Amino acid sequence: YQFVPEKAILFNQINNLKMVQVATLVAALLTGSACAFSPLANNGRTTLSLNAEKSAALPFLNRPALLDGSMAGDVGFDPLGLSNIDDVGCDLYWLREAEVKHARVAMLAVVGILQVEIFGPAPGCEMAVDPCQTDAFWQIWGAHPQYIVFALIMILIIETFSGIATTLGRESGERAPGDFGLDPLGFSKGDPDKFARLQAQEIANGRLAMFAAAGELVQGCTTHQGAIDNLMGSITDNSF
């Protein structure tokens, strides 16, 4: 049997194609074996994610990067990721300043509401006889609106100084959020551990007071009763 030139060329091409296929298969097997024993490119990130510190408040979530426990009351609770916001004109410093401020105002509000309900209105506000403080507000507005206007002006002045202190403190880094140097009893000059415990207690009670003040105001607007009346009514209605 004799090959003609065309058949010889075709036979050589088929042999060459088979050799290329075999070489490709061997290279693929070798590459796969090497990759099986080599670290993946994102293996470090995967390991870091698995080994990341968990939040003390939400153990099923990783601790937010900026909530490292250095602030009083920080237990890593930030399910919405607000501590990472830094492109809308506010950052963690501003948020902490707002939290401390509202916590202190809420504690004063809760005590003030209960004091008026128990002992009666303050001197000069005798017309505010309604036990519901949201209704008492409008009683004062109807009799002496200048009281409300004066209070709003004072709030504006206080907020102006507070905003300046916050801005300068954030830029310099020399002022802790909420620190106005008001320490007449000298707590900050004593035992550092005791002072840190007092700071944690302040923010914990302040957070509770924000919920309490909101509850008092919402109940007052819906039931037109005082906080104590609402509490006693709730206990009576739900008692066995």
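## A walk around the helices

Start by selecting Ile153, which sits in helix α5 (helices are DSSP runs of H or I, at least four residues, numbered from the N terminus). Ile153 is partly exposed, with 44% relative accessibility (buried means under 20% relative accessible area, exposed over 50%, partly exposed in between, with a 1.4 Å probe and protein chains only).

Before moving on, keep in mind that this is a predicted model, where local features need pLDDT of at least 70 and side-chain atom pairs count only at pLDDT 80 or more, while totals for chains, interfaces and linings use all residues. Residues are numbered from 1 along each chain as its sequence is written, and side-chain values use heavy atoms, with hydrogens and water left out.

Now widen the selection to Phe137, Trp138, Trp141, Val149, Phe150, Ile153, Met154, Ile157, Ile158 and Phe161: together they make a nonpolar surface patch with about 1,000 Å² of accessible area. Patch members have over 30% relative accessible area and no salt bridge, and nonpolar side chains (Val, Leu, Ile, Met, Phe, Trp, Tyr) are joined within 5 Å. Colour α4 (133–143) and α5 (145–172), since each gives the patch at least two residues; α5 has the largest share, with seven.

Next stop: salt bridges. Stay on α5 and pick Arg170, whose side chain meets Asp91 in a salt bridge at 3.5 Å, N to O (the cut-off is a side-chain nitrogen of Lys or Arg within 4 Å of a carboxyl oxygen of Asp or Glu). This pair links distant parts of the chain, 79 residues apart, with Asp91 in the loop between α2 and α3. Arg170 is partly exposed at 32%, whereas Asp91 is buried at 16%.

Then select Arg175 and Glu97, another salt bridge, with the closest N and O atoms 3.0 Å apart. Arg175 is in the loop between α5 and α6 and Glu97 in helix α3, 78 residues away. Both are buried. Also show Arg96, Glu99 and Arg207, which are linked in a salt-bridge network.

Now put α3 (residues 92–119) and α6 (residues 192–223) on screen: they pack at about 55°, with axes 7 Å apart. Axes here are lines fitted to C-alpha atoms over the stretch in contact, and angles run from 0 to 180 degrees between N-to-C directions. The two helices are therefore oblique to each other (not under 35 degrees, over 145 or 65 to 115).

Finish at His224, in the loop between α6 and α7 (227–237). His224 has a positive phi of about 55° although it is not a glycine. Most residues other than glycine have a negative phi.

Methods
Patches are made of residues with over 30% relative accessible area and no salt bridge: like charges are joined within 9 Å, nonpolar side chains (Val, Leu, Ile, Met, Phe, Trp, Tyr) within 5 Å. Accessible areas come from the Shrake-Rupley method with a 1.4 Å probe; for residues, only the protein chains shown count as cover.
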